[in-house]
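Colleague: I'm new to reading structures, and the labels people use puzzle me. Can you walk me through the reasoning behind a few of them?

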Amino acid sequence: MNRRRQIGGRAHIERLKAANESYQRVGQTISDNQLEQLQSQLDTFRANLETFARLHRKDIQKDPVFRMHFQKMCANIGVDPLASSKGYWGELLGVGDFYYELGIQIIDVCLATRALNGGLMELSEVRRRVEKMRGIRASNKADSANASSTSSSSKWASITSSSNKDKDTSMEITEDDMLRSIKTLAPLGSGFQVLQIGDKKMVSSVPRELNRDQSVILALVQDTNGHVNKDLVQERLGWEGGRIKTALDTLLEDNLMWIDQQAEPHEYWVPGFFEPEEDDIYATTASA
C-alpha cells in the first residue's frame, strides 16, 4: 500500500515537472515572438525615420523647434542623429557636427567674459551672445578677422570661423540646442555645466561645486535687482553674521561677486545677472 502511494506520488511530481517545462517552453516561444515583433517594429520605425529625415532635411537644419521635436522623437528609439558628424546619420542630415561647433562658440563666449563674471553666466545671456556671434559671422564673412580680433579667446573664434566658411552660422538656436551642446563639452573636463540657481539656468565654465549657502544667496540676488548686502541677507534669511560673511567671502574669492565698497552698507553684485544692455561692460573687460 505504501509502495503504491510512493509510486503514485513520484508520477505526480514528474507530471508537474513536465508541465512546468512545457509552460516554460511556451513562455519562451511567446517571448521570442514578441521580441522578434518588437525588433521588426523598430526596424520599420527606423526606416520611416530615415525617409522622414530625407524629406525634411532642410527643416531639421533651419527650424530649431522642428529640430528639437525630431531629436526627441529619435531619442525614444535610442538614435542620436545630431551628435556626431561621423556615421550614417551625420552624412544624411548634414548637421552632425552642429552641437560641436555650437559648443566651441559657447566656450568662446564664456572665456571672453570669465574675468568679469567668474565663469558663471545666465544661459539666456550666453545664448544671446552666441546668436549675435553667429549672425555677425554669417553676414560679415569678409570682416571675420576683425570680429575675431575683438575676442579675448581669438583662437576659439578662428577655429569656428575657419570651419564654418561654407556653412550658414546664422542658423537659429534654441535653449534645447544650448543644453545639448553644453553636454558635449563634458569630456573636456573643464567644468562646463548648467546649474539651476533659483529660477535661472546658469552656465558654469570652471570646475566648481557651489555649496548650499552660496546657492541660496545667488538665488536671493535674483529677487533684489542683482545685488545684496549683509543686512538684507540677515533680514531675508535670518542667518548670523559669521555665516553671511563666510558665504559672501567665498563668492568674492571665486569672482562670482563684485563688492561696492563705496556703498554703505557694502553691496555685493553678481555680474552673471547683469542685463544685456550692459554689454559694453563685458566688452571692455574682455578686451582689457
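**How the labels are earned**

Modeller: Sure. Strand S4 is joined to strand S6 (residues 267–269) by 2 bridges, and the two run antiparallel. Keep in mind that this is a predicted model.

Colleague: What makes S4 and S6 a pair?

Modeller: Two strands pair if there are at least two bridges between them. S4 and S6 have 2 bridges, so they count as paired. Within this pairing, His227 stands opposite Trp269 in S6.

Colleague: Which sheet do they belong to, and what is its strand order?

Modeller: An open sheet of 3 strands, in the order S4-S6-S5, with antiparallel pairing.

Colleague: Why are S4 and S5 called edge strands?

Modeller: Strand S4 (227–228) and strand S5 (258–260) each pair on one side only, and that is what the name "edge" refers to.

Colleague: What comes after S4?

Modeller: A loop between S4 and H11, and Asn229 lies in it.

Colleague: How do you know whether Asn229 is buried or exposed?

Modeller: Its relative accessible area is 16%. Buried means under 20%, so Asn229 is buried. It touches Pro265, His266 and Tyr268, leaving aside residues up to four places away in sequence. The C-alpha atoms of Asn229 and Ala263 are 9.5 Å apart, although 34 residues separate them along the chain.

Colleague: What makes the link from Asn229 to Asp231 a polar contact?

Modeller: A polar atom of the Asn229 side chain lies 3.1 Å from the backbone nitrogen of Asp231. The cut-off is 3.5 Å, so the distance fits.

Colleague: Now H10 and H11. Why are they called roughly perpendicular?

Modeller: Two packed helices are described by the angle between their axes and the distance between the axes. Helix H10 (residues 212–221) and helix H11 (residues 230–237) pack at an angle of about 100 degrees, with axes 11 Å apart. The label covers 65 to 115 degrees, so H10 is roughly perpendicular to H11.

Colleague: Which residues meet there?

Modeller: Val216, Ile217 and Leu220 in H10 meet Val233, Arg236 and Leu237 in H11. Sorted by class, that contact has 5 nonpolar, no polar and 1 charged residues.

Colleague: Let's try Asp177. How do you know that Asp177 is buried?

Modeller: Asp177 sits in helix H9 (residues 175–184). Its relative accessibility is 0%, and buried means under 20%, so the label applies. Among the residues Asp177 touches beyond four places away in sequence are Pro64, Arg67, Phe98 and Tyr99. A polar atom of the Asp177 side chain also lies 3.1 Å from the backbone nitrogen of Thr174.

Colleague: And why does Glu125 count as buried?

Modeller: Same kind of check. The relative accessibility of Glu125 is 5%, which is under 20%, so Glu125 counts as buried. Glu125 is found in helix H6 (residues 123–139). Its side chain makes a polar contact of 2.9 Å with the side chain of Arg128.

Colleague: One more sheet: what makes S2 and S3 a pair?

Modeller: S2 is joined to strand S3 (residues 200–204) by 5 bridges, and the requirement is at least two, so they pair. They run antiparallel, and Val194 has Val203 in S3 as its bridge partner. The open sheet they belong to has 3 strands in the order S1-S3-S2. Its edge strands are S1 (120–122) and S2 (193–197). From one strand to the next, the twist averages 35 degrees.

Definitions and conventions:
Residues are numbered from 1 along each chain as its sequence is written. This is a predicted model: local features need pLDDT of at least 70, side-chain atom pairs count only at pLDDT 80 or more; totals for chains, interfaces and linings use all residues. Side-chain values use heavy atoms; hydrogens and water are left out. Helices (H or I, at least four residues) and strands (E, at least two) are DSSP runs, numbered from the N terminus. Buried means under 20% relative accessible area, exposed over 50%, partly exposed in between (1.4 Å probe, protein chains only). A polar contact is a pair of N or O atoms within 3.5 Å; within protein, one must be able to donate a hydrogen and the other to accept it, and residues adjacent in sequence count only if both atoms are side-chain atoms. Axes are lines fitted to C-alpha atoms, for helices over the stretch in contact, and angles run from 0 to 180 degrees between N-to-C directions. Angles under 35 degrees count as roughly parallel, over 145 as roughly antiparallel, 65 to 115 as roughly perpendicular and the rest as oblique. Contact means heavy atoms within 4.5 Å. Ala, Val, Leu, Ile, Met, Phe, Trp, Tyr, Cys and Pro count as nonpolar, Asp, Glu, Lys and Arg as charged, and the others, Gly among them, as polar.
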